[in-house]
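Below are my notes on the model, set out as numbered points. They begin with one loop residue and then move to the fold, the helix contacts and the core.

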Amino acid sequence: MEKNTIIEKNLASRKTCTELAYPYNLFADIKNGRPHIELPEKINEDNERGLILALSYLKEREREIIKLRYQDAKTLREIGQVFGFNSERSRQIIAHAVRMLASHKCILMINKGPQGYIEEVVERRAKLIAEM
């Protein structure tokens, strides 16, 4: 099979941010190209709180853009019009924010919730101290 055919099939089968409901559309983009990332299939209250905490690590403008793109299903052009830049700049900001949300810290927050994240960090630090 030719390389172009494989790429076209992958693109055709990929769900866009407007085809899935929030936050699953955001999760799909976080996982895209990162098969090692595990995110919840079903969202519970802890996952929601963890996502809110992870989003709080983004700059305010990035959070607003993520909300417009994934919750309100706005196009890159529409987002650019709101903030006064072009669609390419919208894409760059979204890509950066998604990379930030794909960090180990944010994934841990989303998966374990705020309390589980704190417990995990405390446990890891205790192990590091014990090893010293």
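1. Ala 73 is partly exposed, because its relative accessible area is 37%, a value between the 20% and 50% cut-offs. Ala 73 sits in the loop that joins α4 to α5. The backbone there deserves a look: phi of Ala 73 is near 55°, which is positive although the residue is not glycine.

2. The model is predicted, and confidence should be read alongside the geometry. The average pLDDT of the protein chain is 88, and 86% of the residues score at least 70. Residues 1-15 are a weak stretch, with pLDDT below 50. Beyond near neighbours in sequence, residues 1-15 have six contacts in the model. I would read helix α1, assigned to residues 3-13, with that pLDDT below 50 over residues 1-15 in mind.

3. On the overall fold, the protein chain has seven helices and zero strands. Read from the N terminus, the order of elements is α-α-α-α-α-α-α. Of the 132 residues in the protein chain, 32% are buried. Among contacts with a separation of 6 or more, 57% are between residues 24 or more positions apart.

4. Two backbone features flank α2. Ahead of the helix, the peptide bond from Tyr 22 to Pro 23 is cis, with omega near 0°. Pro 23 belongs to the loop between α1 and α2. On the other side, α2 is followed by Gly 33, which has a positive phi near 80°.

5. Which residues of α2 are buried? They are Asn 25, Leu 26, Phe 27, Asp 29 and Ile 30. These buried residues pack against α3, α4, α6 and α7.

6. Ile 43 is in the loop between α2 and α3. Ile 43 counts as partly exposed, because its relative accessible area is 23% and the cut-off for buried is under 20%. Leaving out residues up to four places away in sequence, Ile 43 touches Pro 23, Tyr 24, Phe 27 and Glu 48. Pro 23 in that list is also the residue after the cis peptide bond from Tyr 22. Ile 43 and Tyr 24 are 19 residues apart along the chain, with their C-alpha atoms separated by 8.8 Å.

7. The axes of α4 and α6 come within 10 Å and cross at roughly 105°. The two helices are therefore roughly perpendicular to each other. From α4, the contact uses Arg 61, Glu 62, Ile 65, Ile 66, Arg 69 and Tyr 70. From α6, the contributors are Arg 89, Ile 93, Ile 94, His 96, Ala 97 and Val 98. By class, the residues of the α4 contact with α6 are seven nonpolar, one polar and four charged.

8. Helix α6 also meets α5. The axes of α5 (residues 76-83) and α6 (residues 87-101) come within 8 Å and cross at roughly 95°, which means that α5 is roughly perpendicular to α6. The contact pairs Leu 76, Arg 77, Ile 79 and Gly 80 of α5 with Ser 87, Ser 90, Arg 91 and Ile 94 of α6. Its residues comprise three nonpolar, three polar and two charged. Ile 94 takes part here and in the contact of α6 with α4.

9. Nonpolar side chains tend to be buried together in soluble globular proteins. Here the largest nonpolar core holds 27 residues. Those touching the most other members are Leu 26, Ile 30, Leu 39, Ile 66, Ile 94, Val 98 and Leu 101. At least two residues each come from α2, α3, α4, α6 and α7. The most come from α7, which gives six residues.

10. Where does Ile 66 lie, and is it buried or exposed? Ile 66 is in helix α4 and is buried, because its relative accessible area is 2%, against a cut-off of under 20%. Setting aside neighbours within four places in sequence, Ile 66 is in contact with Leu 26, Leu 55, Leu 58, Gln 71, Ile 94, Ala 97 and Val 98. The C-alpha atoms of Ile 66 and Ile 94 are separated by 6.5 Å, with the two residues 28 apart along the chain.

Definitions and conventions. Residues numbered from 1 in each chain as written. Heavy atoms only, no water. Axes fitted to C-alpha atoms, helices over the stretch in contact; angles between N-to-C directions. Helix = DSSP H or I, 4+ residues; strand = E, 2+ residues; numbered from the N terminus. Parallel < 35°, antiparallel > 145°, perpendicular 65-115°, else oblique. Contact = heavy atoms within 4.5 Å. Nonpolar A, V, L, I, M, F, W, Y, C, P; charged D, E, K, R; others polar. Core = buried A, V, L, I, M, F, W, Y, C linked by side-chain atoms within 4.5 Å. Buried < 20%, exposed > 50% of the residue type's maximum accessible area, 1.4 Å probe, protein only. pLDDT = per-residue confidence, 0-100.
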